[in-house]
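I opened this entry to look up the overall dimensions first and the nonpolar interior afterwards.

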Amino acid sequence: MSRIGNNPVVIPEGVTVDIKDGVVTVKGKLGELTQNFDSVDIKVEDGNVMVTRSSDSKDQKAKHGLYRSLMHNMIEGVSKGWTKELELVGVGYRASNQGQKLDLALGFSHNIVLDVAPEVKVETISEKGKNPIVKLTSFDKQLVGQVAAKIRGFRRPEPYKGKGIKFVGEELRRKAGKSA
């Protein structure tokens with residue numbers, strides 16, 4: 001029994017959901033997303049999207065909750081959008097952007113310049129006395145997460161001093177150093 005898959009997804013005002021041949025298209029004020037679906041049935045009825053399965057096969061049970069979550073993320077994305085914030089912790093770590101080019105100074109011999117996808121809006125916040133923050137905003141949750149993971153992968157937080165790129169609000173597991 002899928003607890004998540006049985007919950008209906010409420011369609012907010014200004015969002016349209018079209019289903020044709022296993023492809024779902026969601027349009028809203030922020031953008032348009034499409035997703036292929038197989039082995040589950042998707043119906044739109046009185047302002048809700050229902051995801052149902054025709055049998056209790058292992059494949060359909062596995063995909064029931066997944067596809068409901070994907071539908072929820074798509075609808076939420078085109079109506080409100082998704083945001084991820086990354087914090088650069090370390091002496092001399094800086095971030096700046098010109099349009100879609102993100103320039104990161106992370107203690108290497110050279111700066112890292114990353115071209116971010118046009119669907120993702122990049123913003124850098126640098127205040128005196130605080131760590132720089134990179135803010136990523138888009139209507140596609142998967143794309144925002146992928147870009148954030150790529151940026152974080154340039155300098156992962158280390159457990160001794162906590163230096164590196166971490167998500168805002170992320171709790172790091174810290175280790176004690178050598179004891180003499």
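I began with the radius of gyration, which comes out at 21 Å for the protein, whereas a compact globule of 180 residues would have one near 16 Å. I note here that the model is a predicted one. Taken along the principal axes, the box filled by the C-alpha atoms is roughly 65 × 45 × 25 Å.

I then looked up the secondary structure and found two helices and 13 strands. Of the contacts with a separation of 6 or more, 52% are between residues 24 or more positions apart.

For the surface, I recorded an exposed area of about 11200 Å², of which carbon and sulfur atoms supply 49%, and I noted that buried residues make up 35% of the 180 residues. I also looked up the charges: there are 30 positive and 22 negative ones, and their mean positions lie 10 Å apart.

Next I turned to the interior and asked which residues have the most contacts inside the largest nonpolar core. This core has 20 residues, and the ones I was after are Leu 88, Leu 102, Leu 104, Val 134, Leu 136 and Ile 151. Two or more residues each are given to this core by β7 (82-89), β9 (101-105), β10 (112-115), β12 (133-138) and α2 (141-154), and α2 provides the largest share, five residues.

I followed Leu 136 further: leaving aside its neighbours within four places in sequence, Leu 136 is in contact with residues including Trp 82, Leu 86, Val 120, Val 122, Val 144, Val 147 and Ile 151. Apart from the largest core, I found another one of 19 residues, among them Val 15, Tyr 67, Met 71 and Val 78.

Note on methods: Residues numbered from 1 in each chain as written. Predicted model: local features only at pLDDT ≥ 70, side-chain atom pairs only at ≥ 80, totals over all residues. Heavy atoms only, no water. Core = buried A, V, L, I, M, F, W, Y, C linked by side-chain atoms within 4.5 Å. Buried < 20%, exposed > 50% of the residue type's maximum accessible area, 1.4 Å probe, protein only. Helix = DSSP H or I, 4+ residues; strand = E, 2+ residues; numbered from the N terminus. Contact = heavy atoms within 4.5 Å. Rg over C-alpha atoms; globule rule 2.2 N^0.38 Å. Areas by Shrake-Rupley, 256 points an atom, 1.4 Å probe, with all protein chains shown as cover. Lys, Arg positive; Asp, Glu negative; His and termini not counted. Charge placed at Lys NZ, Arg CZ, Asp CG, Glu CD.
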